[in-house]
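Trainee: Could you take me through one part of this model slowly, and then show me what surrounds it? I would like a connected account rather than a list.

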Amino acid sequence: MTELSHEEIKHHIKIYIGVFVALAFLTIVTVAVAGFHLPLVPAVTIALLIATIKGSLVATFFMHLGWEKKIIYWILVLTVIFFVVLLVLPAVSSA
Amino acid sequence: MSTASAAHLATAEHHYEDLPFWRKYIFSTDHKVIGIQYAVTGLLFLFFGFCLMMLIRWQLAYPGQPLPLIGNLFNESAMVGGIMLPEFYNQLGAMHGTIMVFMGVVPLAVGGFGNFVLPLQVGAADMAFPKLNMVSYWLYFVGGVIMFASFFAPAGAAQSGWTSYPPLANIASVGQTLWLLGMAFLINSSLLGSINFIVTTAQLRAKGLSFYKLPFFVWAQFITAFLLLLAFPPLMAAAVLQLMDRLAATSFFMPSGLVVNGVVSQLSGGGNPILWQHLFWFLAHPEVYVLILPAMGIVAEVIACNTRKPLYGYKAMVDSVIAIAFLSFVVWAHHMYLTGMGTKMSSFFQITTMIISIPSVIILTSLALSLWGGSIRFNTPMLFAVAFLPMFGIGGLTGLPLGLASADIHLHDTYYVIGHFHYVVAPGTIFALFAGVYHWFPKATGRRMSEALGKIHFWLSFIFINGVFMPMFIQGLAGVSRRLYDPTQYAHALPTQPLNVVMSWSAWLLGLSQIFFIINFFKSIFWGQKVDQNPWGATTLEWTAPSPPPHGNFTKPPVVSRGPYEYSVPGRKLDYVLQSEPAEAPVAGAGKVK
Amino acid sequence: MEALIPYIAKPHPVTGVTNSKLGIWCFLASEVMLFGALFSSYIFLRTGSVDWPHGSQLLNVPLATLNTMILITSSVTMVMSWASLAMKSIPKYRLFMALTILLGLAFLVVKSFEYAHKFEHHIFPSTNTFYAIYFTLTGLHGLHVLIGVLVNLYFLFPGSALWKTNPDQLTGRVENSGLYWHFVDLVWIFLFPVLYLL
Amino acid sequence: MDSKYYGWGLPIDISTNGASIDQLIYVIHGLMALLFLGWITFLILALVRFRERSGHKAEYKPHHHFRVPTLVEVAVAVTEVVLLCAFSIPTFSQVRNEFPPKASALHVRVVAEQFAWNIHYAGKDGIFGKTDVKLISPTSPVGLDPADTAGADDIITINQLHIPVDTPVIADLSSKDVIHCFALPVMRVKQDVIPGQVIPIWFQAKETGNFEIACAQLCGLGHYRMRGFFTVDSKDKFGAWLEGELMKKTGGKVG
């Protein structure tokens, strides 16, 4: 990242402001949606959908994952696989 | 390697020499010093854990009889008139497991051998983050001290088994809180250590040393580091939850409506003890692979070097190790078949357990086939490495009946389970660690350990270790439960009680036979036979550095152009070719390693 | 005294990353598993319980929304502080880093108000399992925010001396601290709806 | 407790489900012995034949690729699939899922506590009296609600499990304090008893005799002495025992 030229970084800053606005907006949307008191399943799906969008915004732009190297992607793919296994864990006990 | 010349290396070297003693040996950032610190502390805790076991064996062989000689050394809460109390027996059992796994074998196999040998074998000057490496040793040390001190806590150390199942662990004495704190330190020590291993192997390999030219030992440590990195945090989370349960009276693992010795519990309830078991075994199964993979790495190095021929099926072994790493995350619930789990889930975990047995068989078979066509030298490291194969074989095979849920109904939580995992860990991993100590002792000290004492140590240990663990299968089939303070209470355990006497005597004699190793170890540091930098005629990079290697390891950063096990290459005078030997024009017949 | 270790400031020719970046991402992977285990416990406890309360009734949602805004802003100022370093402007770097630290502290202050309010009403982790997992999750997250603030404080004052000797290394270090900070913000982004809104 | 029940190997099997479990254990141990013997002979052969000696050199590239081991590995994989699908999964589902019809089965509740097994019989009316945790006291281990008439004829014994032979028994396992493990070695029955849950198990005895209940999960300092008595009576002897217990409880008044 360190060898970016000045113009590129100025361009990046515009992106960061844009991402910030999007995140703020999505936060308000999440709170608004919660106000409707939807039944559990739709409420969960919407809330997690918005959270995932916000999360991927932060990860892609703030954490520069958008243009990261292959080795980092490999480690993240590995972690996501075992993260999913971890989240499936509660289903294991009730099955 | 940047163009920094050897001169620059020399100045770094010179600067290191005049560091004060406590910076060079106590808070050292040299991976070799840290490796030796881990190894020595690990060996001490292994011996301490062994002594706890020898006490347990007395109570199992002669239940209720006063312990001769040292019986009255213990205070009232442990032994009354030399007769062991059940609480103390449970402490010995829980701490024997915890100390041997988390403070003995893992620090020795991953901390000791990994730290000392891995940077040398990848041709690096040191670990990627030397200060982080020092921090992870001292976190381990503090964790070890807390665990050791917990014996002197009021009502003693943790006594709910090394698995600490709640609600028993939640209502246990303060020793359990110290156990959780000690575990927090040990977990974070292994976590930071694994980051070091991954970055060193990925980033600091010598020029030309591609991943598939890495010695199998490096592969084993690299994959073990991923297991540590991704499997330990869930146990950290579980430890946080149990600490909250014990200190903040939350009820993560405490269901509602509990009545503990006659008193209705005032806790809010709503928790579930099975949650701890899931989180614990989510770590503990990758943890048992953390115990065995470095051992397989050591055995592979020793076998390749002492059969004077390349390993058979190196690529298949590497792929199997990767497969084991993935599968180890989806088998954990085969420890929980009898917790009321449904048949759908138990079938899933039986299938994954059977699948994971295949890569282990592949690795074991490849190691055995590597003997075929070799010229086998039976020195002490090779004796231990060869003995590892059948012993780990028994450990692996006896895992099958436990992996099948129906057979596990009878064998669950019996001595069959104890025999199974001890065969994998004791004559398995610990024999491999002995092989590693005998094999790399010359590299660490410049002197060899005595072969005579080594062979006595091997044969005595081999005989007595089987004397301890083989009868366990007979007791297991008879249905004798584990963790019983006094097995003679049960009629179905009475016929196998004479076996307990045989096993206890074998255990004590096994303890005595370690004296040959201890004498050999300390004697050889000062008076061992001096050797050059490659006494075994091995090929991997650590044997190109002087013994003991200076700070910064290699005077000239090595360049690698050959496979890890170029032994008995036709058309050459010496029967080994160092990995860092420049590749001359391809000579007919001297094909690259497959 | 490290022996000669390459790729501290310059990325590795093949993997393309510096040692510390690969290291920080490995650490964040383990943190994902840590919070993953806690979220898994949350799901485990919620599916297993009979009367799981709605977070929105028991917890102060406007305060938490404010906290979310604070943390998002601190993420932006964090990445701006890194961008200023990349543009070799130390004063801007100090400004944005100070802002990030202040926002981090603001988050902790709001969080302590929330906790104090609960303790006054005799609501403790032992009250019920919902509050237990609420205090544990937000407490551990708050601890991570505190550690992030301390690390950033180090980089604002003593750490920035590295700028004179090895600017690339400082930029790399601030970037890693930024990655950690964004991760902590990311955890809160999931924590907020799960605990407060569902 | 004569010793023809227990020995060095598997204890006597008096359960209808036991045969399939024992069969699986014997089959798999046979395969393990076969595999180990074959493997050990190869190992010893290789060690002797390729030991270091003058005039013998190691081969750099083994001239023949080993086909046998891959065949053995495939065979091991296939046998494992067979063991799974033909033996283990069906047996486990039989034990866990195929409960006998309630009408024809004796229904008991087993409430484990630190260091004893409380067995709760429904008595003649076949209905368990209500129990409440708050009513638990040394004299009433399961907290039977005296006000509930259905409970009047219930019988609660400590460490005494009597069942009639050749009759399916359904046992609801629960625990008051920590995790225990209800084990009947001769019945090949073993099931963790988790506090906060009621786990039903079923078993049926083929023979009469006096056996024992074991606790197989560490449950504290008294774990080793949590031994119960498990007696399989003939049908009428069981009836007589039940009657005797009722008499003891109601002090001779008609239940």
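Mentor: Gladly. Let us take helix 14 of chain B, which is mostly covered, with 27 of its 31 residues buried. Please keep in mind that the model is predicted. Helix 14 of chain B spans residues 415-445 and does not run straight, since a bend of about 40° is found at His422(B). Just after helix 14 of chain B comes Gly446(B), and its phi is positive, near 80°.

Now for the company this part keeps. A good place to look is Phe388(B): setting aside neighbours within four places in sequence, its contacts are Gly428(B), Phe431(B), Ala432(B) and Ala435(B), together with Ala295(B) and Val299(B). The numbers of the contacts on the helix side invite a general remark. An α-helix has 3.6 residues a turn, so positions three or four places apart point the same way.

Two of those contacts return when we turn to the largest nonpolar core. That core has 352 residues, and the ones touching the most other members are Val299(B), Phe384(B), Phe388(B) and Ala435(B). The element giving the most to this core is helix 7 of chain B, residues 216-247, with 23 residues.

From here we can step out to where chain B meets chain D. This contact draws 84 residues from chain B and 81 residues from chain D. Several elements of chain B give two or more residues to its side, among them helix 4 (86-122), helix 8 (273-307), helix 11 (380-397) and helix 15 (451-477). The largest share, 13 residues, is that of helix 10 of chain B. Sorted by class, the chain B side has 47 nonpolar, 30 polar and seven charged residues.

Chain B also touches chain A, in a contact that takes 13 residues from chain B and 10 residues from chain A. On the chain A side, eight of the residues are nonpolar and two are polar, with no charged residues.

Chain A itself deserves a glance before we stop. Its elements run α-α-α from the N terminus, and the tally is three helices and zero strands. Its radius of gyration is 18 Å, whereas a compact globule of 95 residues would have one near 12 Å. Along the principal axes, the C-alpha atoms of chain A fill a box of roughly 55 × 35 × 10 Å. Buried residues account for 24% of the 95 residues in chain A, while in helix 14 of chain B, where we began, 27 of the 31 residues are buried.

How values were computed:
Residues are numbered from 1 along each chain as its sequence is written. Chains are lettered from A and ligands numbered from 1 in the order in which they are written. This is a predicted model: local features need pLDDT of at least 70, side-chain atom pairs count only at pLDDT 80 or more; totals for chains, interfaces and linings use all residues. Two residues are in contact if their C-beta atoms, placed from the backbone, lie within 7 Å. Ala, Val, Leu, Ile, Met, Phe, Trp, Tyr, Cys and Pro count as nonpolar, Asp, Glu, Lys and Arg as charged, and the others, Gly among them, as polar. Helices (H or I, at least four residues) and strands (E, at least two) are DSSP runs, numbered from the N terminus. The radius of gyration is taken over C-alpha atoms; the globule rule is 2.2 Å times the number of residues to the power 0.38. A residue is buried if 20 or more other C-beta atoms lie within 10 Å of its own, exposed if 12 or fewer, and partly exposed in between; C-beta atoms are placed from the backbone. A nonpolar core is a set of buried Ala, Val, Leu, Ile, Met, Phe, Trp, Tyr and Cys residues joined through C-beta atoms within 7 Å. The bend at a residue is the angle between axes fitted to the seven residues ending there and the seven starting there.
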